[in-house]
Amino acid sequence: MQHIEFDIDMADNDFDDDSYDGPDAYVDGDDNVLELEEHIADEEESRGQLQAEGPSLAQILRYLARIIGGGNSTNADEDDDEELVEDEDEGRYYGRSSWSEQWFSPHKEPQQAGVELLNGGEFGAVSTKIKTRKNNRNLTRLLLDRSTRSRNTLRREGIASHILPNSSGTAVASYGANIYCGQFSADSSFYYTCCQDFRLHVYDMTAPPTSYIKRNRASRRSATGHWDHDDRDHETTMKVIKTIQGNPGRWTITDSHLSPDNERMIYSSISPTVYMTNTLDSSSVQIPIRFADPPRRQSRMWGYYDEDSFGIWSCRFSADGNEVVAGGSGQIFVYDLLSDRRTVKISAHDDDVNSCCWADTASGNVLISASDDTFLKVWDRRSLGASQKPSGVLVGHTEGITNVSAKGDGRYIISNGKDQALRLWDLRKMCSSEDFDNGANRDFRSHSYDYRYGHYPKPRRSAHPNDCSVMTYRGHAVLRTLIRCHFSPAETTGGQYIYSGSADGRIHIWSLDGRIVQVLDRSHTLPMSYDPSGPEMKPLEGARNSVCVRDVSWNSTEPVMMSAGWEGSRTGGSIVARHEWKGLSKMASSLEDWTEKQKAERAERAAKRASRNRRLPGAFEDESDEE
């Protein structure tokens, strides 16, 4: 493989130790938000700027509180002031707002662009969607009629594509630390989590659940980094295959990924080194994958080394498991595991690269990087030798991007943004590098907005003027942490749904056409003493802690989701909940409405058949009309 080393000087990656406090360093729960609001109320009459020389810590805190609360603090950026005047009709950034306030409503009707995608054949079988729209297929009858049909005509997608998880869930695991990653393996045979205490847990999803036995929680102090390393703050009803104590990095494990064979796992922790470990055997060996430049004599400056001047936020295995792509402080890298060396280094963004991925599962040529500079960039390794620019740029978000996820076909990807929008992209419709450099790279971020504090002020516009996204999905809250988003499993749904966690504790599932088709509320999740597969119970009464759902994973073989949610600051820690499909009683309409609709549709089809004037001799009835 050709050894490629590019350093496109687009980002200034000076070392700043404060920058590694983590994405939620200043907010560890709801109490912090309330304290900020109290500071804002107390200081609302004080509008003076910070002293030019030697500001005190109290002055800095008051200044930050005014900025985050959206007060009319003095803005030193004259260009920003002019921009606000020009866009006066579209709404200003100033003014306080509820952390859960939605400035742009989600779609309630199917959008034409999304409908065309659903009917284009790239997101599951079209025949299944047509028959469903025509007569709302009877699942029970379909299963009973299997014996009269050819085996290859009954696809899993045809049965399961419209059966979605619809319960608020039951707790199946709890931790004293916040969970940053929680995903099924490709075959959904196991589920794993990565926590802020640098522990990784792997669970067997094929084993039956065990009885819950309450234990006394060990004391923990997340603010100071002191954790219970005896795993006494971990409770679960799932069978634990393995618990791995990761190598301590900065703040937390930020990302992890499984190899295609599910036997290896990599994880990043805002350091220049990604670690690889085994998932299913008893080995505790962890192999370091070092993305830093080789140490040089002159690299030691001001008491630290150059290799400490950046951190990896995101990492992904390639389709063959032989390479790793990683992104961090404005840079993306590729590491060849077989030759044990870094083969690609690109300084590609003006801000942190929060997420990266491969565009498809068949090759390792196209890379995607998503940054806090609001842009996603597409890199083709086959052309990197001839050009030091990306193959294209995906423009549309107006705030930083928290996560990017690929469908795996080399065409479609989705991204979650701090502008409270989830966007769908077609790589064939990306902005060229020339157009990007000639004006599409304009920055529309609010420099006074910090998503970690849970407040999103009213934006100037709903999208970048050069927006090239195909669809936009709204309704969730991308606040407090880097909320993740995913495509639904191709095996059972054809990838026709998109889902995401949310800072308001609700899991949102969108149809590709833009509509929200299901919302699961983690505030109604049942305790661990309940059976996740039992009958749906009414939510327990009493005050419930607010939950921030950072990551969600959809089982590839059955309508089951697992969500990783951070509990409120009053209790701390995090809980994994299992969400199952609980039958027709939990669907949008009642069973009676569904039955009446079927009767009406059958009567309509019978009337159409009776109105036919003539038939060809020996003609068969249309099978779809009989279903």
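The following exercises, each with a worked solution, concern a predicted model of a protein.

The model is predicted: local features need pLDDT of at least 70 and side-chain atom pairs count only at pLDDT 80 or more, while totals for chains, interfaces and linings use all residues. Residues are numbered from 1 along each chain as its sequence is written, and side-chain values use heavy atoms, with hydrogens and water left out.

**Exercise 1. Overall composition**

Task: State how many helices and strands the protein has, and what percentage of its residues count as buried.

Solution: Helices (H or I, at least four residues) and strands (E, at least two) are DSSP runs, numbered from the N terminus. By this rule the protein has eleven helices and 29 strands. Buried means under 20% relative accessible area, exposed over 50%, and partly exposed in between, with a 1.4 Å probe and protein chains only. Of the 627 residues, 53% count as buried. Contact means heavy atoms within 4.5 Å; among contacts between residues at least 6 apart in sequence, 63% join residues at least 24 apart.

**Exercise 2. A sheet of four strands**

Task: Give the strand order of the sheet that contains E23, and identify its edges.

Solution: Two strands pair if DSSP finds at least two bridges between them. The open sheet runs E23-E24-E25-E26, with antiparallel pairing. Strand E23 (485–487) and strand E26 (516–521) each have a single partner strand, so they stand at the edges and one side of each lacks a neighbour in the sheet. E23 pairs with strand E24 (residues 497–500) over three bridges, and phenylalanine 487 has isoleucine 498 of E24 as its bridge partner.

The next step is the loop between E23 and helix H9 (490–493), where serine 488 is placed. Serine 488 is buried, at 4% relative accessibility. Apart from neighbours within four places in sequence, its contacts include Tyr497, Tyr499 and Trp554.

**Exercise 3. Aromatic rings**

Task: Classify the ring pair of phenylalanine 375 and phenylalanine 436, and locate both residues.

Solution: Rings of Phe, Tyr and Trp (its six-membered ring) pair if their centres lie within 6.5 Å; planes under 30 degrees apart count as stacked, over 60 as edge-to-face and the rest as tilted. The whole structure has 13 aromatic pairs. In the pair of phenylalanine 375 and phenylalanine 436, the centres are 4.9 Å apart and the planes stand at 90°, so the pair is edge-to-face. Phenylalanine 375 lies in the loop between strand E16 (366–371) and strand E17 (376–380), and phenylalanine 436 in helix H8 (residues 433–440), 61 residues apart. Both residues are buried. Elsewhere, ring pairs join Phe291, Phe310, Phe333 and Tyr335 into a cluster.

**Exercise 4. Cysteines**

Task: Determine how many disulfides the structure holds, and explain why cysteine 315 forms no bond with cysteine 356.

Solution: A disulfide is a pair of cysteine sulfur atoms within 2.5 Å. The structure holds zero disulfides. The closest cysteine sulfur to that of cysteine 315 belongs to cysteine 356, and the distance of 7.3 Å is too far for a bond. Cysteine 431 is likewise in no disulfide, as the nearest cysteine sulfur, in cysteine 468, is 6.1 Å away. Cysteine 315 is buried at 0% relative accessibility; cysteine 431 is buried at 11%.

**Exercise 5. A loop residue**

Task: Describe the position of glutamate 101 and its separation from proline 457.

Solution: Glutamate 101 is in the loop between helix H3 (78–86) and helix H4 (112–118). Its relative accessible area is 31%, so glutamate 101 is partly exposed. Glutamate 101 and proline 457 are 356 residues apart in sequence, and their C-alpha atoms are 8.9 Å apart in space.
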